[in-house]
Amino acid sequence: FFFKQKTAYEIPKRDWSSDVCSSDLADNAQYLLGQTQIQLGKWDLAVQTLQESAKRWPDKRPDSILFWLGEAYTRGNQFAEAESRYAEVLEKFPRTMHLTGALYGLAFAQIKQGRLAQAGDTLDKLAKVQPRGDAEFESDLLRAQLHLARKDFAAAEKTLAAIRSEEHTSE
């Protein structure tokens, strides 16, 4: 990408960093910084970074920002906040590339809050999306955890036995 070329006269009048900080490069760096902070376990910093990104570039990948905010809050065990972000992704961006992840995250946050009926409904929606590979495996495991939380041990056993009998491999 290219910066706007300035004359020697313009440079003292304005701070050139305002052009850099409003560029696509800064947007991408900020977004990736938030994801990196989540991976490093710095969920609270990630929340700040991603919220700042949403404020500075409200039209740039808003579904992704909300999804990663949900991930950050999940890592911080802030499940009500995570649930809110995942739900917002699903409500505002029904065709997002994060559809499977947002449904999974929403169900996970609901289970962690003891909202088991809602988690079951969310997992039903996730099943309709037909996740593949690791996402399918993880959603099946989450369904088994839901059965365990409900103390439906027969259903948990059935689900876990089905998972065990299938060949799930990491992609």
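Begin by selecting Thr96 in this predicted model, and follow its side chain to the backbone nitrogen of His98, which the side chain reaches at 3.1 Å. With Thr96 still highlighted, look along the chain on either side of it: the residue lies in the loop that runs between helix H6 (79-92) and helix H7 (99-112). Although Thr96 belongs to a loop, its relative accessible area is 8%, and because this falls under the 20% cut-off, Thr96 counts as buried. Next, add Asp63 and Val89 to the selection, since these are the residues in contact with Thr96 once its neighbours within four places in sequence are left aside.

Now step back and show the whole protein chain as a cartoon. The chain has 10 helices and zero strands, so that, read from the N terminus on, its elements run α-α-α-α-α-α-α-α-α-α. Of its 171 residues, 37% count as buried, and the surface that the chain exposes comes to about 10,700 Å², with carbon and sulfur atoms supplying 53% of that area. If you turn on contacts between residues at least 6 apart in sequence, 49% of them join residues that are at least 24 apart.

For an example of residues far apart along the chain, select Ala72, whose place is in helix H5. Is Ala72 buried or exposed? Its relative accessibility is 0%, which is under the 20% limit, and therefore Ala72 counts as buried. Select Ile38, Trp43, Ala46 and Val47 as well, and you will see the residues that Ala72 touches when those up to four places away in sequence are not counted. Gln37 is another useful partner to display, for although 35 residues separate it from Ala72 along the chain, the C-alpha atoms of the two are 8.7 Å apart.

The last stop is the largest pocket, which holds about 230 Å³ of space. To find its centre, select Glu71, Gly101, Tyr104, Gly105 and Glu138, which are the closest to that centre among the 15 residues of the lining. Then colour helix H5 (62-75), H7 and helix H9 (134-149), the elements that each give two or more residues to this lining. Which of the elements supplies the largest share of the lining? That share, five residues, comes from H7. Finally, colour the lining by residue type, and it divides into six nonpolar, five polar and four charged residues.

Terms used: Residues numbered from 1 in each chain as written. Predicted model: local features only at pLDDT ≥ 70, side-chain atom pairs only at ≥ 80, totals over all residues. Heavy atoms only, no water. Helix = DSSP H or I, 4+ residues; strand = E, 2+ residues; numbered from the N terminus. Buried < 20%, exposed > 50% of the residue type's maximum accessible area, 1.4 Å probe, protein only. Polar contact = N/O pair within 3.5 Å; in protein donor to acceptor, adjacent residues only side chain to side chain. Contact = heavy atoms within 4.5 Å. Areas by Shrake-Rupley, 256 points an atom, 1.4 Å probe, with all protein chains shown as cover. 1 Å grid on protein atoms, 1.4 Å probe; cavity = no way out; pocket = protein on both sides within 12 Å on 5 of 7 lines; lining within 4 Å. Points joined across faces, edges and corners; volume = space filled by probe spheres on them. Nonpolar A, V, L, I, M, F, W, Y, C, P; charged D, E, K, R; others polar.
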